Amino acid sequence: LLLQLDIPCRAQMGVILGLLSEVSGALLVWTATMCGVFLLVGLLAAQVVPGERPMFYMELPPMRLPQLRNVLVKTLTRMKWYFLEIFPLFLAASVILWAGKLSGLLDGLVRVMRPVMAALGLPSEASAAFILGFFRRDFGAAGLYDLQTDGLLSPVQLTVAAVTLTLFVPCVAQFLIMQKERGWKVSSVIFLLVTALAFGVGYTLNQVLLVTGLLS
């Protein structure tokens with residue numbers, strides 16, 4: 001749950017950090033919100049999800065210099081796993097995105113998202129970033145970059161959009177991996193919960209920033 005909710009991919013994080021660093025105080029608000037959501041959801045989930053608290057220690061094996069052969073074998077094994085398991089999912093997401101653009105389905109989804117963007121205080125053009133972000137996380141962050149460079153986002157809107165997009169449902173590749181590990185039932189519940197939390201936090205943050213006058 002925490003991995004799907006609060007941990008962005010490296011490509012998305014790089015773009016978001018670059019955008020927020022240009023606005024005074026935005027990066028601090030984003031960081032505080034991410035940490036607060038992570039801790040709050042983690043503490044609440046720990047009370048709901050059954051399980052035993054693990055012992056917080058581990059015995060370290062003898063430390064030796066790594067052998068070059070072992071390093072190469074493990075690296076090749078992980079690369080093979082990535083290309084066989086993950087890379088096809090990225091290709092599938094790109095094909096789905098391409099088909100959505102050609103068929104007009106993507107434009108329809110953008111129109112459906114416009115009332116949600118209005119509730120968050122964002123321009124209607126921001127809905128495309130969230131739709132693209134589900135297929136490819138870095139595409140969503142790139143959409144924010146385009147809006148910012150076009151001057152369509154105020155400091156408050158940029159911060160709210162960055163927070164909501166970071167908390168938004170993970171890309172389709174990550175969702176499919178979660179489904180493989182946890183099953184459709186658990187994955188669907190996490191999907192709906194993360195979506196509700198993302199937009200709920202975005203709406204709340206927008207109201208707080210407007211009332212307090214921060215970043216304005």
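Which helix is L210 found in? L210 is found in helix 10. The model described here is predicted.

## Overall fold

The protein chain contains ten helices and zero strands. Read along the sequence, the pattern is therefore written as α-α-α-α-α-α-α-α-α-α, with helices and strands taken as DSSP runs. The C-alpha trace spans about 55 × 40 × 35 Å along its principal axes.

Of the 216 residues in the protein chain, 36% are buried. Where contacts join residues at least 6 apart in sequence, 77% of them link residues at least 24 apart.

## The largest nonpolar core

The largest nonpolar core has 48 residues, and the members that touch the most others are M117, F130, L144 and L167. At least two residues of this core come from each of helix 2 (10-20), helix 3 (26-48), helix 5 (105-119), helix 6 (126-135), helix 7 (137-149), helix 8 (155-167), helix 9 (172-182) and helix 10 (184-212). Helix 8 gives the most to this core, with eight residues.

F130 shows how parts of the chain meet in this region. Beyond its neighbours within four places in sequence, F130 is in contact with M113, M117, L122, A161, T164, L165, F168 and F199. One of these partners, M117, is itself among the core residues that touch the most other members.

## Helix 3

Helix 3 has 23 residues. From its first C-alpha to its last, helix 3 reaches 33 Å, close to the 33 Å expected at 1.5 Å a residue.

The buried residues of helix 3 are A26, V29, W30, T33, M34, V37, V41 and G42. These buried residues pack against helix 1, helix 2, helix 8 and helix 10. Helix 3 also takes part in the lining of the largest pocket, to which it gives the most, with eleven residues. G42 belongs to the buried set of helix 3 and is also among the lining residues that lie nearest the centre of that pocket.

## Pockets

The largest pocket has a volume of about 770 Å³. Its lining consists of 27 residues, with L1, G42, A45, A46 and V49 lying nearest the centre. Helix 1 (2-6), helix 3, helix 9 and helix 10 each supply at least two residues of this lining. By class, the lining of the largest pocket has 19 nonpolar, five polar and three charged residues.

The second largest pocket has a volume of about 320 Å³. There are 15 residues in its lining, and C9, F90, R137, C171 and Q174 lie nearest its centre. Two or more residues of this lining come from each of helix 4 (68-103), helix 7 and helix 9. The lining of the second largest pocket has eleven nonpolar, one polar and three charged residues.

## Two buried glutamines

Q4 lies in helix 1. Its relative accessibility is 5%, under the 20% cut-off, so Q4 counts as buried. Apart from residues up to four places away in sequence, Q4 touches R137, F168, P170, Q174, M178, I190 and V194. Among these partners, R137 and Q174 are also listed with the residues nearest the centre of the second largest pocket.

Q12 lies in helix 2. Because its relative accessibility is 0%, Q12 counts as buried. Leaving aside neighbours within four places in sequence, Q12 is in contact with R137, A141, L165 and T166. R137 thus appears as a partner of Q12 and as a partner of Q4, while L165 appears as a partner of Q12 and of F130.

## Two positions in helix 10

S188 lies in helix 10. Why does S188 count as partly exposed? Its relative accessibility is 31%, and partly exposed residues fall between the 20% limit for buried and the 50% limit for exposed, so S188 belongs to that class. The C-alpha atoms of S188 and M178 are separated by 9.7 Å, and the two residues are ten apart along the chain.

L210 is also found in helix 10. Is L210 buried or exposed? At 53% relative accessibility, L210 is over the 50% limit and therefore counts as exposed. L210 and T195 are 15 residues apart along the chain, and their C-alpha atoms are separated by 23 Å.

Note on methods: Residues are numbered from 1 along each chain as its sequence is written. This is a predicted model: local features need pLDDT of at least 70, side-chain atom pairs count only at pLDDT 80 or more; totals for chains, interfaces and linings use all residues. Side-chain values use heavy atoms; hydrogens and water are left out. A nonpolar core is a set of buried Ala, Val, Leu, Ile, Met, Phe, Trp, Tyr and Cys residues joined through side-chain atoms within 4.5 Å. Buried means under 20% relative accessible area, exposed over 50%, partly exposed in between (1.4 Å probe, protein chains only). Helices (H or I, at least four residues) and strands (E, at least two) are DSSP runs, numbered from the N terminus. Contact means heavy atoms within 4.5 Å. On a 1 Å grid over the protein atoms alone, a cavity is a set of points where a 1.4 Å probe fits but cannot get out, and a pocket is an open set with protein on both sides within 12 Å along at least five of seven lines; lining residues have an atom within 4 Å of a point. Grid points are joined across faces, edges and corners, and a volume is the space filled by probe spheres set on the points. Ala, Val, Leu, Ile, Met, Phe, Trp, Tyr, Cys and Pro count as nonpolar, Asp, Glu, Lys and Arg as charged, and the others, Gly among them, as polar. The expected span of a helix is 1.5 Å times one less than its number of residues.
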